[in-house]
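Reader: I am new to reading protein models and would like some help with this one. Could we go through it together?
Author: Certainly; please open the structure, and we shall begin with the chain as a whole.

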Amino acid sequence: MMNGRGKSDGPVVPTRSPNKVAQVAAEVAEGRGPTKGNTNQQNAPRTQSRKRGVSSALERVRQRAKQDQGVKFTALLHHVTIELLRESFRALRPKAAAGVDGVTWAQYAGDLEENLRDLHGRLHRGAYRAKPARRVFIPKADGGERPLAITSLEDKIVQRAVTMVLNAIYEVDFLGFSYGFRPQRSQHQALDALAVGIFRKKVSWVLDADIRGFFDSIDHEWLQRFVEHRIADRRIIRLLQKWLKAGVLQDGVKTVAEAGSPQGATISPLLANIYLHYVFDLWVERWRRRARGDVIVVRYADDIVLGFQHESDARRFWRELRERLAKFRLELHPAKTRLLRFGKLAARNREERGKGKPETFDFLGFTHICGKSRRGRFLLVRWVSAARMRSTLKALRERLKRRRHLPVHAQGAWLQRIIQGYFGYYAVPTNSRRLEQFRTQVIRAWLFALWRRSQRTRLTWVRMNTLVRRWIPRVRVLHPWPSERFDARTRGRSPVR
């Protein structure tokens, strides 16, 4: 890894002489001939299904990346076939908002095959041009607004296809404690790993770290250097540059930022993970080998939680992390980054001193609390964060107002889907009390909305209870205990990190 603009600093994936992919990766790793002149052909035998052909081609890329983690891929764009573009299109949400060109999923699907052939041709002859993203703002749980970039439909298709190709390489490189926006990984897996780490390791201190404006602060020059550790296909590099330089359109004014990756663009999560893989993951993996005690790490995009056995390790890491991030144009958010006593050892220590329970912290929508089981043992309690619940209920009440004119059964069916989705994420052990509170507030909001439908009649609680039994799901735990799912998923092969 480079320091400043030229000196070596930090761990870097070993670099070797670039492979001649048209001859090496395409022939040796893929078992096929050079791609020159036949970019429209499938990489798999035509007797296989199209989807299987795409998967097998990317699997060969993955195997090549796994065999040699220092190899550079110099020919990758030929994997972006019409079949892969079609698969990418089908994976998009049909009702997603349109970009600046106004083209919707349904319109594009009207002549899909011709559109994909034209897109594929422009992509491979260099005529494809990225369009600026449309800037919108969505409310955050803390009362602020988060800027999102809505890209055009064709940009979404190509970005998703390129992401699938690059994932075949980078999923081999990414470390186990990185969970954000990765295939076959989820928020609940990150939550499980954190809970198991706090319980099984000697954790007394937690550093809750947040990188200020991370997606807007990604340095383009550093990002390109990091990508070039693995990718030497200039056509892929130019595509990434086009998307980063496409800019955003807001109120008719186009703005091109010198740094950052548009939050909301399909390619952005992968680019963010690549950036933090080199800036943070490889560095922290090496750092904790020289720590005095246990250190656990869980990262979900730019939301990072670390657990330490010793306060000295925690404070030294915090200081060195600030220095590390500054080298790559990043900084920790001063208000959202804090060090606190936490864990079974911290809870026991504070109890012995008569100081009560340790502080709490939020991660992925849950407030983590040092609690006790019925037997008096340490128990990590996870509740829906108060801010997250308030923002959800506020949005639900606003949407209920717009649905007051609908039939009662239509409102009930809609609320049922909303609550089922909410429970699908938050119905973890120890959170039942908060879910009951949420359910009660939803019922009250629905009752008030029904009362406002007419000034003549008022819905009674007897009738309302009938509607509740019909449409509002009861609270029940839908997720297993973290240790159960963590052990089942890793099958003992992956230690707590």
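**A conversation about the chain**

Author: Of the 497 residues in the chain, 50% are buried. Please keep in mind that this is a predicted model.

Reader: How many helices and strands does the chain have?
Author: There are 18 helices and 13 strands.

Reader: And what share of the contacts join residues at least 24 apart?
Author: If one takes the contacts between residues at least 6 apart in sequence, 71% of them join residues at least 24 apart.

Reader: Let us look at one helix. Which residues of H17 are buried?
Author: Helix H17 spans residues 461-471, and its buried residues are Met464, Leu467, Val468 and Trp471. These lie on the same side of H17, because the arc they cover around the axis is only 105 degrees.

Reader: What is on the face turned away from that buried side?
Author: That face of H17 carries Val462 and Arg469, which are exposed.

Reader: What covers the buried residues of H17?
Author: The cover includes two helices, H15 (408-426) and H16 (432-451).

Reader: Changing topic: where is Ile231?
Author: Ile231 sits in the loop that runs between helix H9 (220-227) and helix H10 (234-245).

Reader: Is Ile231 buried or exposed?
Author: Ile231 counts as buried, because its relative accessibility is 1% and the cut-off for buried is under 20%.

Reader: What is Ile231 in contact with?
Author: Apart from neighbours within four places in sequence, Ile231 is in contact with Phe73, Leu76, Leu166, Ile169, Tyr170, Ile236 and Ile237. One of these, Leu166, is 65 residues away from Ile231 along the chain, and the C-alpha atoms of the two are separated by 8.7 Å.

Reader: What about Pro269, where is that?
Author: Pro269 belongs to helix H11, which covers residues 268-287. With a relative accessibility of 19%, Pro269 counts as buried.

Reader: Which residues does Pro269 contact?
Author: Beyond its neighbours within four places in sequence, Pro269 is in contact with Phe181 and Phe215. In addition, the C-alpha atoms of Pro269 and Arg182 are separated by 8.4 Å, although these residues are 87 apart along the chain.

Reader: You mentioned Phe181. Where is Phe181 found?
Author: Phe181 is in the loop between helix H6 (153-173) and H7. Its relative accessible area is 47%, and Phe181 is therefore partly exposed.

Reader: What is phi of Phe181?
Author: Phi of Phe181 is near 55 degrees, which is a positive value in a residue other than glycine. Asp251 also has a positive phi, near 55 degrees, and Asp251 is likewise a residue other than glycine.

Reader: Where does Asp251 lie, then?
Author: Asp251 lies in the loop between strand S6 (248-250) and strand S7 (253-255). With 74% relative accessibility, Asp251 counts as exposed.

Reader: Next, His333. Is that residue buried or exposed?
Author: His333 counts as buried, with a relative accessibility of 18%. Its place is the loop between helix H12 (311-326) and strand S10 (338-341).

Reader: What does His333 touch?
Author: Not counting residues up to four places away in sequence, His333 touches Asp210, Ile211 and Arg212. In addition, a polar atom of the His333 side chain lies 3.2 Å from the backbone nitrogen of Ala335.

Reader: Now a strand, please. What does Ile369 touch?
Author: Ile369 is in strand S12, residues 366-372. If residues up to four places away in sequence are not counted, Ile369 touches Phe342, Thr360, Leu379, Leu380, Val381 and Trp383. Ile369 is buried, with a relative accessible area of 15%.

Reader: Finally, how much space lies in the second largest pocket?
Author: The second largest pocket holds about 450 Å³ of space.

Reader: Which residues lie nearest its centre?
Author: The lining of the second largest pocket has 16 residues, and Phe199, Phe378, Leu379, Trp481 and Ser483 lie nearest the centre. The lining residues comprise nine nonpolar, three polar and four charged.

Reader: Which helices and strands each supply at least two residues of that lining?
Author: Helix H7 (187-200), strand S13 (378-384) and helix H18 (482-490) each do so for the second largest pocket.

Key
Residues are numbered from 1 along each chain as its sequence is written. This is a predicted model: local features need pLDDT of at least 70, side-chain atom pairs count only at pLDDT 80 or more; totals for chains, interfaces and linings use all residues. Side-chain values use heavy atoms; hydrogens and water are left out. Buried means under 20% relative accessible area, exposed over 50%, partly exposed in between (1.4 Å probe, protein chains only). Helices (H or I, at least four residues) and strands (E, at least two) are DSSP runs, numbered from the N terminus. The arc is that of the directions from the helix axis to the C-beta atoms. Contact means heavy atoms within 4.5 Å. On a 1 Å grid over the protein atoms alone, a cavity is a set of points where a 1.4 Å probe fits but cannot get out, and a pocket is an open set with protein on both sides within 12 Å along at least five of seven lines; lining residues have an atom within 4 Å of a point. Grid points are joined across faces, edges and corners, and a volume is the space filled by probe spheres set on the points. Ala, Val, Leu, Ile, Met, Phe, Trp, Tyr, Cys and Pro count as nonpolar, Asp, Glu, Lys and Arg as charged, and the others, Gly among them, as polar. A polar contact is a pair of N or O atoms within 3.5 Å; within protein, one must be able to donate a hydrogen and the other to accept it, and residues adjacent in sequence count only if both atoms are side-chain atoms.
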